[in-house]
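Trainee: I would like a close look at one sheet of this protein. Please then carry on from that part to the rest of the fold.

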Amino acid sequence: MTTANQGTRVLVLNSGSSSVKYQLLDMNDSSRLAVGLVERIGEATSRLKHTPLATETDTAARRASVEGGGGRRAGASREQNGPFADHAAALKVVAEELAADGLGLDSPELAAIGHRVVHGGLKFSAPTVITDEVLAEIERLVPVAPLHNPANITGIRTAQALRPDLPQVAVFDTAFHTTMPESAARYAIDVATADAHRIRRYGFHGTSHAYVSRETAKLLGKAPEDVNVIVLHLGNGASASAVQGGRCVDTSMGLTPLEGLVMGTRSGDIDPAVTFHLVRNAGMSVDDVDVLLNKKSGLVGLCGDNDMREIRRRCDEGDEQAQLAFDIYIHRLKKYIGAYYAVLGKVDAVAFTAGVGENAAPVREAAVAGLEELGLAVDGELNAVRSDSPRLISPEYARVAVAVVPTDEELEIAQQTYALVRL
């Protein structure tokens with residue numbers, strides 16, 4: 001339980017290879033006190049953008065406003081140009097910006113720092129207080145998450161140096177998917193080889209899938225354990241999950257985030273023999289193929305754009321290449337909706353989330369079109385409405401609800417972090 005002198009604020013850090021996204025939240029009412037981004041770390045053009053949403057003196061008024069249904073006070077954004085040589089320099093300036101608002105990292109109100117960690121393997125199925133042993137295990141997982149875990153580790157070590165006395169918590173993208181049965185998680189390859197090299201389907205975007213599936217149940221007026229949901233997290237990275245009674249039973253991403261749906265720059269599902277073919281016949285190295293499938297494929301590989309807004313604009317102008325890219329994207333999406341309908345047997349809702357899922361009405365409409373026999377339909381007027389609130393976009397007669405549920409991965413990380421440290 002929380003003691004009288006224990007803080008109620010959580011700083012959420014999402015450390016990338018050359019960036020740090022951060023949010024400071026007050027867990028009394030789950031409100032944000034500040035948000036920011038440091039990008040292009042290590043480059044001459046590195047920059048920080050910091051937005052205070054409340055200062056120390058605003059806190060009481062802000063809470064009263066929230067309790068009374070009023071809006072949250074927001075301050076003007078501030079920017080600093082670097083260069084910021086490394087993550088230590090970047091987080092130092094983040095701490096200075098927070099301190100300028102009376103929200104410094106030395107505040108007794110700060111209860112913990114929550115870190116997004118992309119890969120937790122099978123060992124971590126829940127948020128975990130970071131110890132030397134935990135950090136060593138995250139390092140051991142670098143071979144299966146070479147683009148993400150090293151940056152996460154750097155952020156953790158930097159934060160530990162700034163506040164060695166404060167609980168640091170890892171919240172893993174893979175954790176929500178550890179409930180998948182072996183029949184869904186195993187690849188059909190030699191078991192000894194798979195086990196020796198940790199080859200299996202782990203899944204990603206877990207904090208988003210967990211949050212959205214619960215919020216969808218809430219939108220339907222039901223408990224998570226009483227609802228089966230297909231969650232479609234559609235951003236530049238995209239993944240689908242089948243959530244049965246609050247537990248993930250299947251998800252589209254696998255050993256890495258490359259598997260599954262068509263994404264902004266990633267191919268998604270592909271015949272593994274394509275790799276052998278390119279190495280043997282196109283003179284490409286393994287690294288060349290890695291770059292091709294992760295950075296030069298998906299929508300950008302099909303039509304040169306990975307921004308769905310631009311692709312739709314081109315489609316409206318009759319651009320055949322953009323239209324084909326869109327059609328391939330939707331075809332793969334429909335395949336997963338149908339597959340997960342079969343996995344679940346009974347579906348209460350399909351929930352769209354993330355940048356494309358929340359904002360691209362044509363994607364939602366096209367993904368559901370033709371699935372009326374499965375009980376799915378979209379109301380055109382409801383689908384066209386833009387809102388930051390969870391909402392249903394299916395007609396009343398539809399057997400399966402279609403929802404748009406804005407994701408909030410930072411809040412999910414903060415909630416999991418705070419729940420752990422206040423025990």
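What is the order of the strands in the open sheet of eight strands, and what kind of pairing does the sheet have?

Mentor: First, the ground rules. This is a predicted model, in which local features need pLDDT of at least 70 and side-chain atom pairs count only at pLDDT 80 or more, while totals for chains, interfaces and linings use all residues. Residues are numbered from 1 along each chain as its sequence is written, and side-chain values use heavy atoms, without hydrogens or water.

Now your sheet. The eight strands follow the order 5-4-3-2-1-6-8-7, and the pairing is mixed. Strand 5 (78–81) and strand 7 (128–129) are the edges; each has a single partner strand, so one side of each lacks a neighbour in the sheet. Helices (H or I, at least four residues) and strands (E, at least two) are DSSP runs, numbered from the N terminus. Two strands pair if DSSP finds at least two bridges between them.

Take the strand 5 edge. Strand 4 (residues 47–52) pairs with strand 5 in the antiparallel sense, over four bridges. One of the partnerships joins Leu48 to Gln80 in strand 5. Elsewhere, helix 4 (residues 149–162) lies across strand 1 (9–15), strand 6 (110–117) and strand 8 (168–172). Helix 4 runs at about 165° to strand 6. Such angles run from 0 to 180 degrees between N-to-C directions, with axes fitted to C-alpha atoms, for helices over the stretch in contact.

There is another open sheet. Six strands form it in the order 11-10-9-12-14-13, again with mixed pairing. Strand 11 (247–251) and strand 13 (391–392) stand at its edges, with a single partner strand each, so each has one side without a neighbour in the sheet. Strand 9 (residues 228–234) pairs in the parallel sense with strand 12 (residues 349–353), over five bridges. Within that pairing, Val229 has Ala349 of strand 12 as its bridge partner. Helix 14 (residues 361–368) lies across strand 9, strand 12, strand 13 and strand 14 (401–404), at about 150° to strand 12.

Look next at strand 10 (residues 238–244), which holds Ser239. Ser239 is buried, at 0% relative accessible area. Buried means under 20%, exposed over 50%, partly exposed in between, with a 1.4 Å probe and protein chains only. The Ser239 side chain makes polar contacts with the side chains of His205, at 2.7 Å, and His209, at 2.9 Å. A polar contact is a pair of N or O atoms within 3.5 Å; within protein, one must be able to donate a hydrogen and the other to accept it, and residues adjacent in sequence count only if both atoms are side-chain atoms. Beyond four places in sequence, the contacts of Ser239 include Phe204, Val231 and Leu261. Contact means heavy atoms within 4.5 Å.

After strand 14 comes a loop that leads to helix 16 (409–421), and Asp408 is in that loop. Asp408 is buried, at 13% relative accessibility. Its side chain has a polar atom 3.0 Å from the backbone nitrogen of Leu411. Asp408 and Ser208 are 200 residues apart in sequence, yet 6.7 Å apart in space, C-alpha to C-alpha.

Last, confidence. The chain averages a pLDDT of 92, and 94% of the residues score at least 70. pLDDT is the predictor's confidence in each residue, from 0 to 100. Over residues 60–73 the pLDDT is below 50.
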